[in-house]
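Please look at the sequence and the 3D structure shown below before reading on. The report is meant to be read beside them, one topic at a time.

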Amino acid sequence: MSSEKRRFGDRRDGKLLRDIDSMHLIMPMLYPNRCDNEAFISERIDLTNVDKYIEKRNAENPVFKFTLFHIIVAAILKVIVLRPKLNRFIMNKNMYQRNELTASFVIKKQFSDVSEEGTALIYAQESSTLDTLREDLYKQITNVKGGGGNGSTDTMDILNKLPRFIVKFFILIMRLLDRHGLVPKTIISGDPFYASVILSNLGSIKLRSGYHHLTNWGTTSLFVVVGEMKKRVFVNADGEEEYRNSVDLGLTIDERIADGYYYSKSVKLLKYILEHPECLEKPFNEPVDLEAK
C-alpha cells in the first residue's frame, strides 16, 4: 500500500512510525511481547441482510457463489483500509505501518482427522471490492485443496526431516532475522503470521467463536475467529424478542497499537458493514458515513 521511498529504520514490510505520541513510543519498550498485550473483543452480527444479499448475488451468478466467509473477509479488509492503525505492527520494540493489505487463513484440505492443512494468503488493494476479492479467494482455496503449497509449508517439510538440534538452531536464527524483518521471502511466503489479519472459520466445522492468541513470531496484530451461524434471540424496534440468523466474531488485538476508543469505532464500523453488505461493492477506500445512515 505504501509507495514512499524506504528510509533508514524502515523494514521491508513496514514503515517505521517516527511521529507518534509518547505513550505509543514507550509502551513497546515496556511491554515488548505481542502475546503479553492481547485484548479480546466479541461481537454478534445479525445476518438478516447478509443472507438476503448472498441469495440475490448468487441468483445473478450461480457459478462462482458468494459465501458468508467472503463477505466477512472483505468487510474486515475494508475496515483496515478505513482504520489504518489496524494495519500496524510492533517488532523489536518499534511500531510500523504495514506496506501491504493482506488476509490469511488456514484451509482444511478434507474434513477428516488425518487430512492436512494448508494456508492461503490474499493480497488486496485500497481499490479492491468484494467482487475482485472473491476471485482471489476462490483461486487460493482451490489451489490449497488441490494440494498446492507455499514457502512456509515447504520449509517446514524440509526441517521435519532433519535432526532436532539442527532444527532448533535454524529456528533460533529465523527468530533473530524475524525481529529485524530479514527473514527471506522464499521462507515466509504464505506465512499467515505476516498478514494484516488472520481469520479462522470455525463455523465451517460447527464450532462457536472464541478467543485465539496472537503470536510473537511474525507481525500480525489482529486475529478474527468466525463462529457457527445460528438462530439467536434479538430484540426488534418494538421491544419484542425474535429469532434471527446470526454469527459471533471473536477479535484478538494488540492493545499497544491503538486505544480503546479507536478499536471501539473500528468494531462498530465492521458491524455496520456486515449488516449493510452492499457497501462492499464499492472500493475499500470509499468511506462509510455511519452518521448519515
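What follows is a short report on a sheet, some charged pairs, a surface patch and a few single residues. The model is a predicted one, and this should be kept in mind throughout.

**A sheet of three strands**

Strands of a sheet pair through backbone hydrogen bonds, and they may do so in a parallel or an antiparallel way. In this model, three strands make up an open sheet whose order is β1-β4-β3, and the pairing is antiparallel. The edges are taken by β1 (14–16) and β3 (88–91), each of which has a single partner strand, so one side of each is left without a neighbour in the sheet. From one strand to the next, the twist averages 40 degrees. If you look at the pairing of β1 with strand β4 (residues 94–98), you will find three bridges, formed in the antiparallel sense. K15 can be followed across this pairing, since its bridge partner in β4 is Q97.

**Charged pairs**

Side chains of opposite charge can pair when their charged atoms come close. How many salt bridges does the structure hold? The count is 13 salt bridges, and the table sets out some of them, with the distance taken from N to O.

| Salt bridge | Distance, N to O |
|---|---|
| R244 and D46 | 2.8 Å |
| R244 and E242 | 2.7 Å |
| K282 and E286 | 3.8 Å |

The pair of R244 and D46 joins side chains at 2.8 Å, N to O. R244 belongs to strand β10 (residues 241–254) and D46 to strand β2 (residues 38–46), so this pair ties together parts that are 198 residues apart in sequence. Are R244 and D46 buried or exposed? Both residues are buried, and for R244 the relative accessibility is 19%, which falls under the 20% below which a residue is called buried. R244 also meets the side chain of E242 in a salt bridge, and E242, at 29% relative accessibility, counts as partly exposed.

In the salt bridge between K282 and E286, K282 is partly exposed at 45% relative accessibility, while E286 is partly exposed with a relative accessible area of 31%. Beyond such pairs, salt bridges also link K56, R57, E60, D131 and E281 in a network.

**A nonpolar patch on the surface**

Turning to the surface, L25, I26, M29, L30 and Y31 form a nonpolar patch there, and together they have about 480 Å² of accessible area. One of these residues, L30, is found in helix α1 (residues 22–30). With a relative accessibility of 57%, L30 counts as exposed, because the cut-off for that word is over 50%.

**A buried isoleucine and two cysteines**

I187 is part of helix α7 (residues 185–188), and with a relative accessible area of 18% it is buried. Although I187 and D154 are 33 residues apart in sequence, they are 8.1 Å apart in space, C-alpha to C-alpha.

How many disulfides are there, if a disulfide is a pair of cysteine sulfur atoms within 2.5 Å? By this rule the count is zero disulfides. Two cysteines may still be described by their surroundings: C35 is partly exposed, with a relative accessible area of 31%, whereas C279 is buried, with a relative accessible area of 12%.

Key. Residues are numbered from 1 along each chain as its sequence is written. This is a predicted model: local features need pLDDT of at least 70, side-chain atom pairs count only at pLDDT 80 or more; totals for chains, interfaces and linings use all residues. Side-chain values use heavy atoms; hydrogens and water are left out. Two strands pair if DSSP finds at least two bridges between them. Helices (H or I, at least four residues) and strands (E, at least two) are DSSP runs, numbered from the N terminus. Axes are lines fitted to C-alpha atoms, for helices over the stretch in contact, and angles run from 0 to 180 degrees between N-to-C directions. Buried means under 20% relative accessible area, exposed over 50%, partly exposed in between (1.4 Å probe, protein chains only). Patches are made of residues with over 30% relative accessible area and no salt bridge: like charges are joined within 9 Å, nonpolar side chains (Val, Leu, Ile, Met, Phe, Trp, Tyr) within 5 Å. Accessible areas come from the Shrake-Rupley method with a 1.4 Å probe; for residues, only the protein chains shown count as cover. A salt bridge is a side-chain nitrogen of Lys or Arg within 4 Å of a carboxyl oxygen of Asp or Glu. A disulfide is a pair of cysteine sulfur atoms within 2.5 Å.
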